[in-house]
Amino acid sequence: MSVTHASFEAAGKEKFREITARSNPLEALSTGERRLATMLPLLAAAWSMYSATGYAGPRLLSVDEIDAAFDERNLRQVLALLRSWDFDVLATAPFMTPLIKRETQRAMVHEVVTAGRRRITVPWLWHGHGEPQPLTLDVTTAQPQDSP
């Protein structure tokens, strides 16, 4: 399967050309720059949808390995953009780096724990300082009230 792109000639006619490693403009970019170039239009589309008049739902994004291929500067910019657009982000990362801790300011971490063939996630809450703490639920059993 070949991939094509359109380019416009002076006469305004569209001409389709096969994309090769040599003609692909993304090939000149680093892996991180390439990821940023493909991620930004998707983020802009999400922001546009979530900012539409009358939209009242969550502003949730899911990003696999949020820090993959980014250098520190680009990751800091992406995280700042996500904050400024008020997105809630569900992201995977191999571990919580000092940069992610500094830039996110708060995070819910789910650690995957394996015991034999069973796997569960253990939630941890990080408040912007120190180490994440296990999230505990205070579940009390409501007692039926006596009727008069």
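**Warm-up**

Does Thr136 count as buried or exposed, and at what relative accessibility? Start from the scale: buried means under 20% relative accessible area, exposed over 50%, and partly exposed in between (1.4 Å probe, protein chains only). At 65% relative accessibility, Thr136 counts as exposed. As for its place, Thr136 sits in the segment after E7. One spatial detail to add: Thr136 and Pro123 are 13 residues apart in sequence and 8.3 Å apart in space, C-alpha to C-alpha.

Some ground rules before the other exercises. This is a predicted model, where local features need pLDDT of at least 70, side-chain atom pairs count only at pLDDT 80 or more, and totals for chains, interfaces and linings use all residues. Residues are numbered from 1 along each chain as its sequence is written, and side-chain values use heavy atoms, with hydrogens and water left out.

**Exercise 1. Lay out the elements of the protein and its overall exposure.**

Step 1. Helices (H or I, at least four residues) and strands (E, at least two) are DSSP runs, numbered from the N terminus. The protein has three helices and seven strands.

Step 2. Read from the N terminus, their order is β-β-α-β-α-β-α-β-β-β.

Step 3. For burial, 20% of the 148 residues count as buried.

Step 4. Accessible areas come from the Shrake-Rupley method with a 1.4 Å probe; for residues, only the protein chains shown count as cover. The protein exposes about 11,600 Å², and carbon and sulfur atoms supply 55% of that area.

**Exercise 2. Find the salt bridge and describe its setting.**

Step 1. Take the rule: a side-chain nitrogen of Lys or Arg within 4 Å of a carboxyl oxygen of Asp or Glu. By this rule the count is one salt bridge.

Step 2. The partners are Glu72 and Arg76, whose side chains meet at 2.7 Å, N to O.

Step 3. Why are the two about one helical turn apart? Because Glu72 and Arg76 are four residues apart in helix H2 (residues 72-84).

Step 4. Check the exposure of each: Glu72 is partly exposed, with a relative accessible area of 44%, and Arg76 is partly exposed too, at 30%.

**Exercise 3. Trace the strand pairing.**

Step 1. Two strands pair if DSSP finds at least two bridges between them. An open sheet of three strands has the order E5-E6-E7, with antiparallel pairing. Its edge strands are E5 and E7 (133-134), each pairing on one side only.

Step 2. Nine bridges join E5 (residues 107-115) to E6 (residues 118-126). In this pair, Thr114 stands opposite Arg119. The hairpin of E5 and E6 has two residues between the strands, and Gly116 there takes a positive phi near 65°.

Step 3. E6 and E7 pair over two bridges, and Leu125 has Gln133 in E7 as its bridge partner.

Step 4. Now turn to E3 and E4, which run parallel and are joined by four bridges. Here Leu60 has Asp88 in E4 as its bridge partner. Leu61 and Val63 form the covered face of E3, while Leu60 and Ser62 form the uncovered one.

**Exercise 4. Identify the centre of the nonpolar core.**

Step 1. A nonpolar core is a set of buried Ala, Val, Leu, Ile, Met, Phe, Trp, Tyr and Cys residues joined through side-chain atoms within 4.5 Å. In the largest one, with 17 residues, Leu61 and Leu82 touch the most other members. The elements giving two or more residues to this core are H1 (31-50), E3 (60-63), H2 and H3 (98-104).

Step 2. Take contact as heavy atoms within 4.5 Å. Not counting residues up to four places away in sequence, Leu82 touches Leu43, Leu61, Ile66, Phe87 and Val89.

**Exercise 5. Pick out two residues with positive phi that are not glycines.**

Step 1. Glu65, in the loop between E3 and H2, has a positive phi of about 45°. Glu65 is partly exposed, at 37% relative accessibility.

Step 2. Asp86, in the loop between H2 and E4 (88-91), has a positive phi of about 55°. With a relative accessible area of 53%, Asp86 is exposed.
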